[in-house]
Amino acid sequence: MSDDAKPKKKLAIISCMDTRLVNFLSEKLGIDRGDAKVIKNAGNMIMDDTLRSLVVAIYLLDVDKIMVVGHTDCGMKSVDVNDVKNKMLERGANPYFTPNLEQWLGKIDSEEDNIIKGVDLIKNHPAIPKNMDVRGYILDIDTGSLNQLC
Ligand SMILES: [Zn+2]
């Protein structure tokens, strides 16, 4: 792997896939091409795949700082799990897949709590070194102001 693949700021950012964050997040964080690893999913959840990406970022790409950046008005708070389930069934999804849908989809109750929980999960995960700088922030989706939560 070329050294160009290593993030100049030694930073990994976990954020949400929200369309309003495209370009906006990097602009507000002052992140340019080559600066950081950006891992996105619905609701900036810390799951096995997120941790897999973090392990690569930390051990192979020299990342030593992690920012979990959630945002206000996240769709994963208002997601109607039953509506998703009904639409899945209507379109032929296997009904045996849906019993744990709420957990699997990752519906959140609070954007702030979800960010704090995510930081906690990373800090306490057995694969993550103890000397990592892990912080949680919430971005105001309208104004772009960034507040540190933990
Ligand atoms: Zn979101």
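## Asp49 and its partner in helix α2

Asp49 has a relative accessible area of 47%, so it is classed as partly exposed. In this predicted model, its side chain meets that of Arg52 in a salt bridge, with 2.8 Å from N to O. Arg52 counts as exposed, because its relative accessibility is 51% and the cut-off for that class is over 50%.

Where do Asp49 and Arg52 sit relative to each other in helix α2? They are 3 residues apart, which means that about one helical turn separates them.

## Salt bridges across the chain

Side chains of opposite charge can pair when their charged atoms come close. How many salt bridges does the count come to? The count is 11, and two of the pairs are a good place to continue the tour.

Let us begin with Asp62 and Lys6, whose side chains form a salt bridge at 3.3 Å, N to O. This pair links distant parts of the chain, since Asp62 belongs to the loop between α2 (48-61) and β3 (65-71), while Lys6 belongs to the segment before β1 (11-16), 56 residues apart. Asp62 is partly exposed, with a relative accessible area of 34%. Lys6 is partly exposed as well, at 26% relative accessibility. Salt bridges with shared partners also bring in Asp3, joining Asp3, Lys6 and Asp62 into one network.

Next come Asp35 and Lys9, with a salt bridge of 3.8 Å from N to O between their side chains. Here, too, distant parts of the chain are linked: Asp35 is in the loop between α1 (24-29) and β2 (36-41), and Lys9 is in the segment before β1, 26 residues apart. Is Asp35 buried or exposed? Asp35 counts as buried because its relative accessibility is 8%, and the buried class covers values under 20%. Its partner Lys9, at 37% relative accessibility, counts as partly exposed.

## The zinc site

Which residues are the protein donors of the zinc ion? They are Cys16 through SG, His71 through NE2 and Cys74 through SG, lying 2.0 to 2.3 Å from the ion. Along the sequence, the spacing of these donor residues reads C-x54-H-x2-C. You can look for His71 and Cys74 away from the exposed residues, as both are buried.

## Two patches on the surface

One surface patch is negative, and the residues that form it are Glu102, Asp109, Glu112 and Asp113. Glu102 belongs to helix α5, which spans residues 101-105. With a relative accessible area of 48%, Glu102 is partly exposed.

The other patch to look for is nonpolar: Met1, Val56, Tyr59 and Leu60 form it, and together they have about 440 Å² of accessible area. Leu60 is part of helix α2, and at 49% relative accessibility it counts as partly exposed.

## From Val56 to Lys40

Val56, a member of the nonpolar patch, can also serve as a starting point for finding Lys40. How far apart are Lys40 and Val56 in space, C-alpha to C-alpha? The distance is 15 Å, and in sequence the two are 16 residues apart.

Lys40 is found in strand β2. Lys40 is partly exposed, because its relative accessibility of 36% falls between the cut-offs for buried, under 20%, and exposed, over 50%.

Key. Residues numbered from 1 in each chain as written. Predicted model: local features only at pLDDT ≥ 70, side-chain atom pairs only at ≥ 80, totals over all residues. Heavy atoms only, no water. Patch = residues over 30% accessible without salt bridge, like charges linked within 9 Å, V, L, I, M, F, W, Y side chains within 5 Å. Areas by Shrake-Rupley, 256 points an atom, 1.4 Å probe, with all protein chains shown as cover. Salt bridge = Lys/Arg side-chain N within 4 Å of Asp/Glu carboxyl O. Lys, Arg positive; Asp, Glu negative; His and termini not counted. Charge placed at Lys NZ, Arg CZ, Asp CG, Glu CD. Helix = DSSP H or I, 4+ residues; strand = E, 2+ residues; numbered from the N terminus. Buried < 20%, exposed > 50% of the residue type's maximum accessible area, 1.4 Å probe, protein only. Donors = N, O, S within 2.8 Å, 3.2 Å for Na, K, Ca; no water.
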